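Reader: I have a model open and want the reasoning behind the terms used for it. Please go through them one at a time.

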Amino acid sequence: MEFTAEAARLKRLSAAAPANAPLPVITPAPVAAATPASAALPVVETFHSLQGEGLHAGRSAFFIRLAGCTVGCAWCDTKHSWPEIAHPQRTLSALAAEARAAQEAGAAFVVITGGEPLHHDLAPLCSALRQAIPSPAQVDTGAGGGLPRPWALHLETSGVDPLSGRFDWITLSPKRHRPPREELLAACQELKVVVEAEADLFFAEAMALQAVQAPALLLQPAWDSPRGQELAIAFVRRHPAWRLSLQTHKWLGVR
Ligand code: SF4
């Protein structure tokens, strides 16, 4: 608690007490502990699959879905991820070990998703992942001796919180009812806007104008929204800078 807030709390307590009353026993307000680098994070699930959507759709990826989201999108398909408390804490070292195993099994990158992953400080998790994974030069390129397989950290976020951690690829999926922070608009490589209504198209264009790095521009119809599909397809047809993103994993019925 900040000093001024604590001072105001003490002032309120003393003002409320009668003049001859014994002095109240003041219990200090709890001080928030700093997050240790070794902290665990609440995790909904981890799994090795194919990236289903966006520019990297179809590629082998290891997913870490963190719990906790207060953004409250009506069409959210991962509402079970919202309450942090409903999901177990997993240590960063355990997550990094799983990512390493997934890399050895073929995953090309890790996707940190949620929930809203940036509700958490992601710097310790990124460090743990980078320490656990060999650099591309150390990676076995396979019998064909092809190009070194790049190993990268991807983030999928709505952008409502400050950026933490170091990522190679940021997918910003901004929400009309909770616009993103400028720093995420500046940092993202991919801007993916979910379309359900016409207003989402205006919002998508406004976001693209503010995204200074010229990210890839994608419209993704909300799942089970024929209107969203119709609008997104018609828009992309008229705007060549944009492309359609489909949730291919859902169409295929895979995770
Ligand atoms: S930000 Fe993502 S997880 Fe949170 S409510 Fe919106 S769609 Fe769901």
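Reader: How do the residues of the shell around the ligand divide into nonpolar, polar and charged?

Author: This is a predicted model. In it, the shell around the ligand has 4 nonpolar, 6 polar and 2 charged residues. The residues surrounding the ligand include Cys69, Cys73 and Cys76, along with Val71, Thr78, Ser81 and Ser158. Gly72, Gly114, Gly115, Glu116 and Lys175 also belong to this surrounding group.

Reader: What makes Gly72 polar and Cys69 nonpolar in that count?

Author: The classes are set by residue type: Cys counts as nonpolar, whereas Gly is placed among the polar residues. Glu and Lys count as charged, so Glu116 and Lys175 of the shell fall in that class.

Reader: What kind of peptide bond joins Gly114 and Gly115?

Author: The bond is cis, with omega at about 15°. Gly115 lies in the loop that runs between strand E4 (109–113) and H3.

Reader: Why is H2 called oblique to H3?

Author: Helix H2 (residues 92–104) packs on helix H3 (residues 123–132) at an angle of about 45°, and the axes are 9 Å apart. An angle under 35 degrees would count as roughly parallel, and one from 65 to 115 as roughly perpendicular. The angle fits neither range, so H2 is oblique to H3. The crossing of H2 past H3 is right-handed.

Reader: Which residues of H2 and H3 meet?

Author: On the H2 side they include Leu92, Leu95, Ala96 and Arg100, and their counterparts in H3 include Pro124, Leu125, Ala128 and Gln131. By class, this contact has 10 nonpolar, 2 polar and 1 charged residues.

Reader: What makes E3 and E9 edge strands?

Author: The sheet is open, has 9 strands with mixed pairing, and runs in the order E3-E1-E2-E4-E5-E6-E7-E8-E9. Strand E3 (89–90) and strand E9 (242–244) each have a single partner strand, so one side of each has no neighbour in the sheet.

Reader: How do you know that E5 and E6 pair?

Author: Pairing requires at least two bridges. Strand E5 (residues 152–157) and strand E6 (residues 169–172) have 4 bridges, in the parallel sense, so the two strands count as paired. Leu155 stands opposite Ile170 in E6.

Reader: What is the phi of Ala214?

Author: Phi is positive, about 50°, although Ala214 is not a glycine. Ala214 sits in the loop between helix H5 (198–210) and strand E8 (216–221).

Note on methods: Residues numbered from 1 in each chain as written. Predicted model: local features only at pLDDT ≥ 70, side-chain atom pairs only at ≥ 80, totals over all residues. Axes fitted to C-alpha atoms, helices over the stretch in contact; angles between N-to-C directions. Parallel < 35°, antiparallel > 145°, perpendicular 65-115°, else oblique. Left-handed = near helix turned anticlockwise from the far one by under 90°. Contact = placed C-beta atoms within 7 Å. Near = placed C-beta within 6 Å.
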